[in-house]
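Reader: I should like to examine the reasoning behind several descriptions of this model. Please set each value against its criterion.

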Amino acid sequence: MGGPVISTRGLRMRYGRTEVLHGVDLEVHAGEVVALLGPNGAGKTTTIEILEGLQARSAGEVQVLGVDPDKGGDCWRGRLGIVLQNWRDHPRWRVRQLLAHVAEFYPHPRDPDELLAALGLSAQAEQTIERLSGGQRRRLDVALGIVGRPELLFLDEPTAGFDPEARREFHELVERLARVEGMTILLTTHDLAEAERLADRIAVLVDGAVLVFGTHAELTARVRADSQVRWSEQGVTRTAHTPDPSALVWELHQRFGGPVPDLEIRRPSLEESYLGLVTERNAA
Ligand code: ADP
C-alpha cells in the first residue's frame with residue numbers, strides 16, 4: 001500500500017485511425033477527490049472507461065489499485081464502484097430488490113436498507129425504477145456503485161440533467177463519502193462549479209491531453225488571472241484588478257493610515273481560470 005490509487009503514464013487511445021488520447025498522465029492518491037474537467041469530446045469518458053477496465057487502451061502504463069485494468073479480475077473489480085452516465089437496466093425492478101441483488105455479488109456489502117436511508121430513498125424502496133425521478137435514479141446509481149464498499153469510486157458526469165436542488169443534495173452525498181468514509185473518488189464533469197466545490201484537485205483535459213492538473217489555487221495561479229480589489233474612498237466605490245492584491249492592500253493601508261473602508265478582495269473563480277486556460281491554449 002501507500003502507492004497512488006490511480007496512475008497513468010503516456011496513456012493513449014485510438015478509435016480506428018483517430019487518436020483521442022495523446023499521452024495522459026494522472027496520479028490520484030488515497031482519499032482524494034479528483035475532477036476530470038473538460039469540454040465535450042475532450043476524452044473524459046474514454047479515460048475513465050479505461051481506468052474502469054471497460055475499454056482496452058492503445059498504449060501507455062495504467063495502474064488502478066496497483067493492478068493493470070486490462071488484467072483486473074473479479075477481486076479487483078469488487079474494489080471499484082462505478083457509476084456510468086446511463087445505466088440501461090431493468091425498469092420493472094424495485095429499488096430495494098435491485099440493490100439487494102447487486103449486494104450479493106460482494107463479500108462485505110453494505111446493508112441495502114441502511115444505504116437507502118443514507119441516500120434518502122427509503123420511501124422509494126418498493127417503487128419500480130421506472131417511476132423514480134432523475135435525481136432519485138442518480139442516487140440509486142450511486143447506491144449501486146457503493147453497496148460493495150469500494151475503495152475507489154468513479155462517477156461519470158454524475159449530475160448531468162439535475163435541477164439545482166438535486167445537484168446540491170448530490171454534492172452533499174459525495175462530500176460525505178469523501179470526508180466521512182475516506183473514499184477515493186474520480187469524477188468527470190464539465191460543470192466548473194461542481195469541480196470547484198467537490199474536488200481536492202482538478203485535471204483539465206482538452207483534446208485528449210491534460211492541460212493542467214492541480215488544486216483550484218494552482219489552476220488560478222497558472223493563468224495568473226488578476227484578483228479584483230474593491231474599497232470605498234470618499235463615499236465612492238473603487239475597483240482595481242491586480243495580480244498581487246496584497247501589495248495593493250498594503251499600499252491602500254498606508255494611504256488610509258489604517259483599515260481600508262469596505263475592503264473586498266475577490267480571487268478569480270475556477271470558471272475564469274478554466275476559460276483563461278482553454279482560451280490561452282486555443283490562441284497558442
Ligand atoms: P468526453 O467524455 O470528454 O465528452 P469522450 O471520451 O466521450 O469525451 O470522447 C472523446 C473523443 O472520442 C470524441 O471525439 C468522441 O467522438 C470519440 N469517441 C468516443 N467514443 C468513441 C467510439 N466508441 N468510437 C469512435 N470514437 C469515439
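Author: The questions below concern helix packing and the ligand surroundings in a predicted model.

Reader: Why is helix H3 called roughly parallel to helix H5?

Author: H3 (residues 95-103) and H5 (residues 134-146) pack at an angle of about 20 degrees, with their axes 9 Å apart. Angles under 35 degrees count as roughly parallel, so H3 is roughly parallel to H5. The crossing of H3 past H5 is right-handed.

Reader: What makes up the contact of H3 with H5, and how do its residues divide into nonpolar, polar and charged?

Author: H3 contributes Val 95, Leu 98, Leu 99 and Val 102, while H5 contributes Leu 140, Ala 143 and Leu 144. These residues divide into seven nonpolar, no polar and no charged.

Reader: Why is H5 described as roughly parallel to H6?

Author: The axes of H5 and H6 (residues 164-179) come within 10 Å and cross at roughly 15 degrees. The limit for roughly parallel is under 35 degrees, and therefore H5 is roughly parallel to H6. In this contact, Gly 135, Arg 138, Arg 139, Val 142 and Ile 146 of H5 meet Ala 166, Glu 169, Phe 170, Leu 173 and Leu 177 of H6. The residues divide into six nonpolar, one polar and three charged.

Reader: What makes the pairing of the ligand with the side chain of Tyr 15 a polar contact?

Author: A nitrogen atom of the ligand is 3.4 Å from an N or O atom in the Tyr 15 side chain. A polar contact is a pair of N or O atoms within 3.5 Å, so this pair qualifies.

Reader: How far is an oxygen atom of the ligand from an N or O atom in the side chain of Thr 46?

Author: The distance to the Thr 46 side-chain atom is 2.6 Å.

Methods:
Residues numbered from 1 in each chain as written. Predicted model: local features only at pLDDT ≥ 70, side-chain atom pairs only at ≥ 80, totals over all residues. Heavy atoms only, no water. Axes fitted to C-alpha atoms, helices over the stretch in contact; angles between N-to-C directions. Helix = DSSP H or I, 4+ residues; strand = E, 2+ residues; numbered from the N terminus. Parallel < 35°, antiparallel > 145°, perpendicular 65-115°, else oblique. Left-handed = near helix turned anticlockwise from the far one by under 90°. Contact = heavy atoms within 4.5 Å. Nonpolar A, V, L, I, M, F, W, Y, C, P; charged D, E, K, R; others polar. Polar contact = N/O pair within 3.5 Å; in protein donor to acceptor, adjacent residues only side chain to side chain.
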